[in-house]
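Welcome! Please work through the exercises below with the structure open beside you, and try each task before reading its solution.

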Amino acid sequence: MPVDPADDVPDALEFETWFGRTVERASALLDQARQEGVEAPVPEGWSGIAPLVERTWFLAGVHPYGAQMFVEDPSVRERLLRLLNDPLCKGVGEFGLDYGPWNKLPADVQITTFREHLRIAHERNLPVELHIRDADGDEQAKAHADALRVLREEGVPAAGCDLHCYTSGPEVMAPFVGLGCHVAFGGAVTFARSEDIRAAAVACPANRILSETDSPYMAPVPLRGQKCEPAMAVFSATCVARVREEAGVATQAQTYADLWHNACRFFGIVD
């Protein structure tokens, strides 16, 4: 769950209080369900992992839409640092570069914020989640090219780097994977015209592939158009596993195992 101190969280303490109380409420509801005979199943490979409600964490970072606020308003940085101090915070994100039609901020402002987030992640040894969107019809993928340049200059955080909600092809992905980045595929991989994204899912190394929701956006087929939620990740993961098996890269079972183990390692859930 990404939390943006420039937009979502005007008061970091208020958010932390709300988040903690929400987890406690969820725990109480699960206890009540167990008392009524409803027990959540424990999938294979989950032994040693904390109970469901205790596997609820967040990331903190300023989305590219808020890059100007991060540069100009010191309180935004202060809120970010406070959120990163919370033991339930697992990384820095989402932040990055958005050259798409809905972001009018100049590239230099976005790049400045991008650099600062990477430096914070290095200092705190935290993984990062990147939002990178090219302008429509940009065959040069300039946002990805600029992000790649900055990553090379600043260094990929040792704790890890994830290309969130990846929507480009294997050629754009390759140099990021070469730097050691993970690549997360969401609902867009299931869309009919997403052959290039599915090709990237096939080309992604087994130890770098992830799945995600991008909730509340981009619900996967067959639920496209609905409000996306975490449970829908099953459809994206199934699509990724299917195309990798069809291409002879891995069995579906192998891909599911890779998605699980990669996520656990990336977010420091298990060694």
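**Exercise 1. Contacts along the chain**

Find what share of the contacts with a separation of 6 or more comes from residues 24 or more positions apart.

*Solution.* Take the contacts in the chain with a separation of 6 or more, then pick out those between residues 24 or more positions apart: they account for 71%. Keep in mind that this is a predicted model.

**Exercise 2. The overall build**

Describe the chain by its helices and strands, its radius of gyration and its span.

*Solution.* Step one is to count the elements: there are nine helices and seven strands. Step two is to compare the radius of gyration with the globule rule. The chain has 19 Å, close to the 18 Å that the rule gives for 271 residues, so the chain is as compact as a globular protein of that length. Step three is the span of the C-alpha trace, which is about 55 × 50 × 35 Å along the principal axes.

**Exercise 3. Inside and surface**

Work out what percentage of the chain's residues is buried, and what carbon and sulfur atoms supply to the exposed area.

*Solution.* Start with the inside: of the 271 residues, 45% are buried. Now turn to the surface, where the chain exposes about 13800 Å². Carbon and sulfur atoms supply 53% of that area.

**Exercise 4. Charges and a network**

Count the charged side chains and the salt bridges, then list the residues linked in a network of salt bridges.

*Solution.* First, the charges: 24 side chains are positive and 40 are negative, and the centres of the two sets lie 1 Å apart. Next, the pairs: a search of the whole structure finds 11 salt bridges. Finally, the network links R77, R115, E116, R119, D146, R149, E153 and E154.

**Exercise 5. Two salt bridges, two settings**

Compare the salt bridge of E154 and R115 with the one of E116 and R119: where do the partners sit, and are they buried or exposed?

*Solution.* Begin with E154 and R115, whose side chains meet at 2.9 Å, N to O. This pair links distant parts of the chain, with E154 in helix 5 (residues 142-154) and R115 in helix 4 (residues 107-124), 39 residues apart. Both E154 and R115 are buried.

Now take E116 and R119, which form a salt bridge at 3.4 Å, N to O. These two are three residues apart in helix 4, so about one helical turn separates them. E116 has 23% relative accessibility and therefore counts as partly exposed. R119 is partly exposed too, with a relative accessible area of 37%.

**Exercise 6. A salt bridge in helix 8**

Locate E246 and R242, and explain why about one helical turn separates them.

*Solution.* The closest N and O atoms of this salt bridge, between E246 and R242, are 3.3 Å apart. E246 and R242 lie in helix 8 (residues 233-246); because they are four residues apart there, they are separated by about one helical turn. As for the surroundings, E246 is exposed with a relative accessible area of 57%, whereas R242 counts as partly exposed at 35%.

**Exercise 7. Cis bonds and positive phi**

Look for cis peptide bonds and for positive phi values in residues other than glycine, and place each one in the chain.

*Solution.* One cis peptide bond joins G93 and E94, with omega about -5 degrees. E94 belongs to strand 3 (residues 89-98). Another runs from V221 to P222, with omega near 15 degrees. P222 sits in the loop between strand 7 (209-211) and helix 8.

For phi, look at C165, where the value is near 50 degrees. C165 is in the loop between strand 5 (161-163) and helix 6 (170-178). With a relative accessible area of 12%, C165 is buried. M218 also has a phi near 50 degrees. Its place is in the loop between strand 7 and helix 8, and at 30% relative accessibility M218 counts as partly exposed.

**Exercise 8. A buried arginine**

Which side chain of opposite charge is nearest to R79, and which residues does R79 touch?

*Solution.* Start by finding R79 in helix 3 (residues 74-85). R79 is buried yet has no salt bridge. The nearest side chain of opposite charge is D73, 5.0 Å away, while a salt bridge needs the nitrogen and oxygen to be within 4 Å. Leaving aside residues up to four places away in sequence, R79 touches P5, A6, V9, P10, D11 and A12.

Methods
Residues numbered from 1 in each chain as written. Predicted model: local features only at pLDDT ≥ 70, side-chain atom pairs only at ≥ 80, totals over all residues. Heavy atoms only, no water. Rg over C-alpha atoms; globule rule 2.2 N^0.38 Å. Buried < 20%, exposed > 50% of the residue type's maximum accessible area, 1.4 Å probe, protein only. Contact = heavy atoms within 4.5 Å. Areas by Shrake-Rupley, 256 points an atom, 1.4 Å probe, with all protein chains shown as cover. Lys, Arg positive; Asp, Glu negative; His and termini not counted. Charge placed at Lys NZ, Arg CZ, Asp CG, Glu CD.
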